[in-house]
Amino acid sequence: MLSNEQVQQLISENELLQIQLKDVNEMIEVREEELDLLRQTADHARQLQSRLDANLYQIEQMQNRIGEDQRMAAGAARRESALEIEMISSLKMETEYYDLKDQFASTKAALEDINREVSETKGLYAKLAQLTTRVAELESNLEIAALDNLFLKEELDRNRKELEEAQHKKA
């Protein structure tokens, strides 16, 4: 039978292991929350990429439209009576071009922001992988400690039996 001191020590070690297990579980919960946040960030990045693709498509369509309008303007330039209308149209196209240019610059800046966020996300994923490895290592160490505890208990029981048998034989 275990002495009170040994029982107290086992209880103390068990409580310590329980606290460590609780800490590990809390860390896992924090990492899961971080992972959810990263997933949300990735979804946001995909949404921004989709918007960027749509904006790029619109820019391409506007460039096509500008090209068509320029061909029409060249034809209208041949006619003197339509010269004034052609000039107004050209001014509108130029305004649209600068608006598109501004939109393109804005979209390009947004893309750079997305790329920066993606880079940051990669770093967070790498850190998460390291932390996951560390959690697995700690869990493995905990299992090894539990097995060591079990083996020590079995060895203690054997030693007690041998001691009792030795004392019984002496008596």
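Which residues line the second largest pocket? Going along the chain, they are Leu 10, Glu 13, Asn 14, Leu 17, Gln 18, Leu 21, Leu 142, Ala 146, Asn 149 and Lys 153. Keep in mind that this is a predicted model. Here's a quick tour of this pocket and the largest one.

**The largest pocket**
- The largest pocket holds about 240 Å³ of space.
- Its lining is made up of Leu 2, Gln 6, Gln 9, Leu 10, Glu 13, Asn 149, Leu 152, Lys 153, Glu 155, Leu 156 and Asn 159.
- Two elements give two or more residues each to this lining: helix H1, which covers 4-77, and helix H2, which covers 83-170.
- Helix H2 is the top contributor to the largest pocket, giving 6 residues.
- Sort the lining of the largest pocket by class and you get 4 nonpolar, 4 polar and 3 charged residues.

**The second largest pocket**
- In the second largest pocket, the space comes to about 200 Å³.
- H1 and H2 turn up here too, each supplying at least two residues of the lining.
- For the second largest pocket, it's H1 that gives the most, with 6 residues.
- By class, the second largest pocket is lined by 5 nonpolar, 3 polar and 2 charged residues.

**Names to spot in both linings**
- Leu 10 and Glu 13 are listed for the largest pocket, and they also line the second largest pocket.
- Asn 149 and Lys 153 likewise appear in the lining of the largest pocket and in that of the second largest pocket.

Methods: Residues are numbered from 1 along each chain as its sequence is written. This is a predicted model: local features need pLDDT of at least 70, side-chain atom pairs count only at pLDDT 80 or more; totals for chains, interfaces and linings use all residues. Side-chain values use heavy atoms; hydrogens and water are left out. On a 1 Å grid over the protein atoms alone, a cavity is a set of points where a 1.4 Å probe fits but cannot get out, and a pocket is an open set with protein on both sides within 12 Å along at least five of seven lines; lining residues have an atom within 4 Å of a point. Grid points are joined across faces, edges and corners, and a volume is the space filled by probe spheres set on the points. Helices (H or I, at least four residues) and strands (E, at least two) are DSSP runs, numbered from the N terminus. Ala, Val, Leu, Ile, Met, Phe, Trp, Tyr, Cys and Pro count as nonpolar, Asp, Glu, Lys and Arg as charged, and the others, Gly among them, as polar.
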